[in-house]
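The following paragraphs lead through one protein structure, from its packing to its aromatic pairs and its backbone. Please keep the sequence and the three-dimensional view at hand while reading.

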Amino acid sequence: MAPKTKARIDPSLPFYPLNIAVLTISDTRTLQTDTSGGLLADRLAAAGHVLAGRSIVSDDVPAIQAQIRAWAADPAVDVIVTTGGTGFAPRDVTPEAVRPLLRREMDGFAVVFHQASLGTVGVSTLQSRALAGQVDETFVFCVPGSTGACRDAWDLVLAQEFDSRFKPCSLVGQIPRYRGVCA
């Protein structure tokens, strides 16, 4: 018999909103056609977080790194979520752009994301090179560019990880301005 999970949202605890920036990496999308970035922006706002920035850059290592560095240096940005460029198409360079910036990689994110998306896209999840980690003190999560993958990432992983009421623990306590507030 499998152990019963104690993972849950504890509604008796306070909610601490995060300032989250959304970066779409695409050669073809505009703000009007960016359904993936739009979904992430809508989901984070509906959850009570603040959209700290939203941008689209091309599948270009220097462009991706410049935007990530700018947001990571901004104390008003707690978390960056990127969408796009994590596959195996020739122009997919998000991991190559982001990984060198990371001071620490969050290996478990890719594992949990793949487990979650396995239920919706099956073994096609293998075609994603999702990753996460920290650039300086800012957490960065890189998810695939499809709207479905962004839905899976937010609904099945990030919504809980970004909720200070999630127990046994959430990422919120590792955000510099919330250290010591939520353990």
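Helices and strands are DSSP runs, numbered from the N terminus, with at least four residues for a helix and at least two for a strand. The model discussed here is predicted. In these terms, Gln67 belongs to helix H2, residues 61-72. Gln67 has a relative accessible area of 19%; the limit for a buried residue is under 20%, so Gln67 counts as buried. Beyond its neighbours within four places in sequence, Gln67 is in contact with Leu23, Ser55 and Val57.

The nonpolar interior comes next. In soluble globular proteins, nonpolar side chains tend to be buried together. Here the largest nonpolar core has 27 residues, and Val79, Phe109, Phe141 and Phe162 have the most contacts inside it. At least two residues of this core come from each of S2, helix H1 (35-46), strand S4 (79-83), helix H4 (107-121), S7 and H5. H5 provides the largest share, six residues. Phe109 illustrates the packing: leaving aside neighbours within four places in sequence, Phe109 is in contact with Ala130, Leu131, Ala132, Phe141, Cys142, Val143, Val157 and Leu158. A second core, separate from the largest one, has 19 residues, among them Ile68, Trp71, Val77 and Leu131.

H5 itself deserves attention. What do its end C-alpha atoms show when set against the expected span? At 1.5 Å a residue, the 15 residues of H5 should span 21 Å, and the end C-alpha atoms are 20 Å apart, which agrees. H5 nevertheless bends by about 40 degrees at Trp154. Trp154 is also one of the buried residues of H5, which include Ala149, Cys150, Asp152, Ala153, Val157 and Leu158. The buried residues of H5 pack against S2, H1, S4, H4 and S7.

The aromatic residues give a further view of the fold. A pair of aromatic rings is described by the distance of the centres and the angle of the planes. A search of the whole structure finds five aromatic pairs. In one of them, the ring centres of Tyr16 and Tyr178 are 5.1 Å apart and the planes are at 50 degrees, so the pair is tilted. This pair links distant parts of the chain, 162 residues apart: Tyr16 is in the loop between strand S1 (8-9) and strand S2 (19-25), and Tyr178 is in the segment after strand S8 (166-167). Tyr16 is partly exposed, with a relative accessible area of 22%, whereas Tyr178 is buried at 8% relative accessibility.

The rings of Phe141 and Phe162 have their centres 5.3 Å apart and their planes at 70 degrees, so this pair is edge-to-face. This pair too links distant parts of the chain, with Phe141 in strand S7 (residues 138-143) and Phe162 in the loop between helix H5 (147-161) and S8, 21 residues apart. Both Phe141 and Phe162 are buried. Ring pairs join these two residues with Phe109, Phe113 and Trp154 in a cluster.

Strand S7 also holds Phe139. With a relative accessibility of 6%, Phe139 counts as buried. Residues up to four places away in sequence aside, Phe139 touches Asp78, Val79, Ile80, Met106, Gly133, Gln134, Leu171, Gln174 and Ile175. Phe139 and Ala116 are 23 residues apart in sequence, and their C-alpha atoms are 20 Å apart in space.

Which ring lies beneath the charged end of Arg129? The ring is that of Phe88, whose centre is 5.4 Å from that charged end. Arg129 is located in the loop between H4 and S6 and is buried, with a relative accessible area of 19%. Not counting residues up to four places away in sequence, Arg129 touches Gly85, Thr86, Gly87, Phe88, Asp92, Pro95 and Glu96. Arg129 and Ala52 are 77 residues apart in sequence and 25 Å apart in space, C-alpha to C-alpha.

Two backbone features complete the account. Most residues other than glycine have a negative phi, and most peptide bonds are trans. Asp136, although not a glycine, has a positive phi of about 55 degrees. Asp136 lies in the loop between strand S6 (131-135) and S7 and is partly exposed, at 49% relative accessibility. Lys167 and Pro168 are joined by a cis peptide bond, with omega about 20 degrees. Pro168 is in the segment after S8.

Note on methods:
Residues numbered from 1 in each chain as written. Predicted model: local features only at pLDDT ≥ 70, side-chain atom pairs only at ≥ 80, totals over all residues. Heavy atoms only, no water. Phe/Tyr/Trp six-rings, centres within 6.5 Å; stacked < 30°, edge-to-face > 60°. Buried < 20%, exposed > 50% of the residue type's maximum accessible area, 1.4 Å probe, protein only. Lys NZ or Arg CZ within 6 Å of the ring centre and 35° of its normal. Core = buried A, V, L, I, M, F, W, Y, C linked by side-chain atoms within 4.5 Å. Contact = heavy atoms within 4.5 Å. Expected span 1.5 Å × (residues − 1). Bend = angle between axes of the 7 residues up to and from the residue.
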